[in-house]
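Please open the structure in your viewer, with a cartoon for the backbone and sticks ready for side chains. The tour below goes from one selection to the next and says what is to be found at each stop.

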Amino acid sequence: MRILIVDDNKIARAILQQLASQVKDIEVIGECESATDAYNFLQEQPVDLLLLDIEMPGMTGLELTKTMGNKRPVIIFTTSKKEYAAEAFELNVADYIVKPVTPARFLQAIDKARELVESDSTDVEQMDDEFVFIRDSNVVRRLKMDDILFAEAMGDYVKLYVPGKFYAIHTTLKSVSERLPASRFIRTHRSYIVAVSKIDTVQDGALIINDIPVPVADTYRSALNKRMNIL
């Protein structure tokens, strides 16, 4: 993975550089001390992953992320403040690390990012009532429609969850929702589409599917209750 480190603190950049140097499959291709410098860097060179601070003079890391829109690298926020976490995850970043960054926490975040970066998928190719075909790296893979548990939007990707794993597809949730049959799937949140038949329980405002909690937004709750035909 090609990584760009963005932090206005020189020591923080050095720590991230040192941690990254211990992971064989990643390469730090640059460092920037401001979000503006990072924006300009990204216009010139391809980057797989941003290690991005939030509080910086001028443009913040959150503002940079919003500026890049959907055409952006995978992002891990690194910050000394916890209070930005909710807003950060609304932007569908890979992870959010509160400084000081420990080696174990760094590796955990890199593993999350790697799952997205290494998926060279581009789209859902075609589907019918029984199967969905996805491009998984250089292989077109057939998934049984009945195996799909739910879809989760994450940045430029959509994760399609099946029992025991997920596939990260480089597409939008809107595109996936247009192709998944409405007779089987329903939107429960702006970032989630679920297979109605896979819902195990509903508790504390969330669905439980295969032991995984999936949020339900108030906007979608009424339609979901009707589809579930709750007694």
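How many bridges join S12 to strand S13 (residues 192-195), and in which sense do the two strands run? Select both strands in this predicted model: 4 bridges join S12 to S13, and the two run antiparallel. The connection between S12 and S13 is a hairpin through 2 residues, and if you display side chains here you can pick out His189, whose bridge partner in S13 is Tyr192. Of the 5 residues of S12, 4 are buried, so this strand is largely enclosed by the rest of the structure.

**The antiparallel sheet**

Now widen the selection to the whole sheet, an open one in which 5 strands follow the order S11-S10-S9-S13-S12 with antiparallel pairing. At its edges are strand S11 (165-169) and strand S12 (185-189), each of which pairs on one side only, and from one strand to the next the twist averages 25°. Move next to strand S10 (residues 157-162), which pairs with S11 in the antiparallel sense over 5 bridges; within this pairing, Leu160 has Tyr167 of S11 as its bridge partner.

**The ring cluster**

Staying with this sheet, show the aromatic side chains as sticks. The structure holds 3 aromatic pairs. The rings of Phe150 and Tyr161 have centres 4.3 Å apart and planes at 20°, so this pair is stacked; because Phe150 lies in strand S9 and Tyr161 in strand S10, the pair ties together parts that are 11 residues apart in sequence. Both Phe150 and Tyr161 are buried. Then add Tyr192 to the selection: Phe150 and Tyr192 form a tilted aromatic pair, 6.1 Å centre to centre with 45° between the planes, and it links distant parts of the chain, with Phe150 in strand S9 and Tyr192 in strand S13, 42 residues apart. Phe150 has a relative accessible area of 2%, while Tyr192, at 13% relative accessibility, also counts as buried.

Ring pairs link Phe150, Tyr161, Phe166 and Tyr192 into a cluster. Before leaving it, select Lys159, which lies over the face of Phe166 at 4.3 Å from the ring centre.

**The parallel sheet**

Which order do the strands of the parallel sheet take? Here 5 strands form an open sheet in the order S2-S1-S3-S4-S5, and the pairing is parallel. Strand S2 (27-32) and strand S5 (95-98) stand at the edges with a single partner strand each, so one side of each is left without a neighbour in the sheet. The twist in this sheet averages 20° from one strand to the next. For a view of the pairing, select strand S3 (residues 49-52) and strand S4 (residues 74-79), which pair in the parallel sense over 4 bridges; here Leu52 has Phe77 of S4 as its bridge partner.

**Helix H5**

Helix H5 packs on this parallel sheet, where it touches strand S1 (2-6), S3, S4 and S5, and its direction makes about 165° with that of S5. Select helix H5 (residues 103-117) together with the antiparallel strands, and you will find that the helix also lies across strand S9 (150-154), S10 and S11, running at about 60° to S11.

**Salt bridges**

A search of the whole structure finds 12 salt bridges. Begin with Arg105 and Asp95, whose side chains meet in a salt bridge (2.7 Å, N to O); this pair links distant parts of the chain, Arg105 being in helix H5 and Asp95 in strand S5, 10 residues apart. Asp95 counts as buried at 2% relative accessibility, whereas Arg105 is partly exposed, with a relative accessible area of 23%. Add Lys112, whose side chain also meets that of Asp95 in a salt bridge (3.5 Å, N to O). Since Lys112 lies in helix H5 and Asp95 in strand S5, this pair ties together parts that are 17 residues apart in sequence. Lys112 is partly exposed, with a relative accessible area of 37%.

For the last stop, go to helix H7 (residues 218-228), which holds both Asp218 and Arg221, 3 residues apart, about one turn of the helix. Asp218 forms a salt bridge with Arg221, and their closest N and O atoms are 3.3 Å apart. Asp218 is exposed, with a relative accessible area of 66%, and Arg221 counts as partly exposed at 27% relative accessibility.

How values were computed. Residues numbered from 1 in each chain as written. Predicted model: local features only at pLDDT ≥ 70, side-chain atom pairs only at ≥ 80, totals over all residues. Heavy atoms only, no water. Pairing = 2+ DSSP bridges. Axes fitted to C-alpha atoms, helices over the stretch in contact; angles between N-to-C directions. Contact = heavy atoms within 4.5 Å. Buried < 20%, exposed > 50% of the residue type's maximum accessible area, 1.4 Å probe, protein only. Salt bridge = Lys/Arg side-chain N within 4 Å of Asp/Glu carboxyl O. Phe/Tyr/Trp six-rings, centres within 6.5 Å; stacked < 30°, edge-to-face > 60°. Lys NZ or Arg CZ within 6 Å of the ring centre and 35° of its normal.
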